[in-house]
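Reader: I've just opened this one and could use a guide. Can we go through it together?

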Amino acid sequence: MKKVTIQEIADFSGVSKFAVSRALSGKSGVSAQTREMILKAAGQLGYFKDTGKSVMLQSSPTYTEGEAHSGAILVLFPNVRYQDADSLYWGPVFNGISARLNQRGADILTLTEPSGEHMFSLLNPKAIGGIVTIGAVSTQILLDIKKLEIPVVMVDHQDPAFQADAVFADNFHCMREMMVKLISKGYKNFQFVGLIGYAQSFYERWIGFKSVLDDHNLKQEQIAELIGPEIAHIHEAIPKVVASYELPEVFVCTNDTTALFVMEALQKLGIDVPGHVQITGFDNTDESLPLLATVDVSKELLGMRAVDKLLWRMANPQSNFEKLLIQGEVILKDNSVFNKDQEI
């Protein structure tokens with residue numbers, strides 16, 4: 001296989017060879033955002049496959065249920081606001097991880113990814129038996145982990161530069177199921193809302209959304225501002241969109257948090273929700289929201305199955321990597337759902 005060159009990465013990324021070289025070597029001279037973009041591009045092109053296999057080479061004993069394990073399990077949170085143990089989504093995931101590790105007799109450490117310093121400057125890698133990453137951990141941190149050959153399982157995230165086992169909700173099929181049910185109720189006009197490039201789960205939900213519209217021959221005129229960088233500031237983006245475009249029947253949001261922000265922005269404009277427009281969410285993190293629909297994801301189960309997969313990986317370091325999907329349950333809210341042929 002031909003080795004991927006720095007020039008190829010530069011051309012693909014739209015940056016200079018100098019920037020690529022600095023990013024790949026971990027040197028200063030490029031911003032954190034540009035470095036992350038370059039590392040992901042290099043991963044997509046297969047650069048890191050050329051620099052060594054991302055498999056765990058150390059031999060590991062076969063672990064059994066209830067046995068105390070050699071080395072603590074590190075739970076690594078991203079350095080991102082709202083993605084911590086207090087989060088309505090990530091908190092239950094962490095609880096599932098902690099509960100399963102207690103069942104297995106393993107010690108647990110938690111860490112928020114450090115910024116501007118080496119991953120393990122505060123920890124002894126030899127004392128860590130495995131790592132569970134939660135959410136969108138940066139590519140640079142993942143590459144630091146890769147050098148240490150410590151078994152890793154990622155929850156709700158994957159990265160082209162770092163091959164590892166991963167546990168996800170079945171985002172694609174759950175979104176498809178929700179959309180089919182909404183269309184069966186008579187809804188035809190939808191707009192997707194959320195930064196689809198932020199997380200793999202968001203992108204999969206977007207693809208599921210589009211695929212159902214295609215299946216039912218529903219014309220898709222997606223408002224670009226609702227899925228691009230602008231939507232990171234929802235309270236600013238929504239008024240601009242409302243001023244320029246006709247309201248859809250349903251805003252289909254990447255998750256319940258996005259749905260809440262969209263709802264707040266619309267209500268500030270005097271638009272009644274769910275009277276004038278309907279909103280759907282995903283993850284079922286706030287049962288009080290007057291959503292048309294959401295998807296209940298068993299967040300504790302995501303955490304528990306991540307631990308199960310990690311312990312299996314520690315005992316089977318040479319096996320191919322796996323992606324485990326957990327099915328969610330589509331919830332149609334009684335206070336919102338109605339047949340479109342009926343009066344509101």
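Author: Sure, and keep in mind that this is a predicted model. Let's start with a serine: the side chain of serine 87 reaches the backbone nitrogen of tyrosine 89 at 3.0 Å.

Reader: Which other backbone nitrogen lies close to a polar atom of the side chain of serine 87, at 3.1 Å?

Author: Serine 87 lies in the loop between β1 (72-77) and α5 (90-104). Besides the contact with tyrosine 89, a polar side-chain atom of serine 87 lies 3.1 Å from a second backbone nitrogen, that of tryptophan 90.

Reader: Does serine 87 count as buried or exposed?

Author: The cut-off for buried is under 20% relative accessible area. Serine 87 has 15% relative accessibility, so serine 87 counts as buried.

Reader: How far apart in sequence are the parts that aspartate 308 and arginine 100 tie together?

Author: The side chains of these two meet in a salt bridge, at 2.9 Å from N to O. Aspartate 308 sits in helix α11 (residues 299-315) and arginine 100 in helix α5, so the parts they tie together are 208 residues apart in sequence.

Reader: And what about aspartate 215, is it buried or partly exposed?

Author: Aspartate 215 forms a salt bridge with arginine 176 (2.8 Å, N to O). Its relative accessibility is 48%, so aspartate 215 counts as partly exposed.

Reader: How many residues does the largest nonpolar core have?

Author: Met179, Phe190, Phe209 and Val252 have the most contacts inside that core. Methionine 179 touches residues including Phe190, Phe209 and Val252. The size of this largest core is 47 residues.

How values were computed
Residues numbered from 1 in each chain as written. Predicted model: local features only at pLDDT ≥ 70, side-chain atom pairs only at ≥ 80, totals over all residues. Heavy atoms only, no water. Helix = DSSP H or I, 4+ residues; strand = E, 2+ residues; numbered from the N terminus. Buried < 20%, exposed > 50% of the residue type's maximum accessible area, 1.4 Å probe, protein only. Polar contact = N/O pair within 3.5 Å; in protein donor to acceptor, adjacent residues only side chain to side chain. Core = buried A, V, L, I, M, F, W, Y, C linked by side-chain atoms within 4.5 Å. Contact = heavy atoms within 4.5 Å. Salt bridge = Lys/Arg side-chain N within 4 Å of Asp/Glu carboxyl O. Lists of a residue's contacts leave out its neighbours within four places in sequence.
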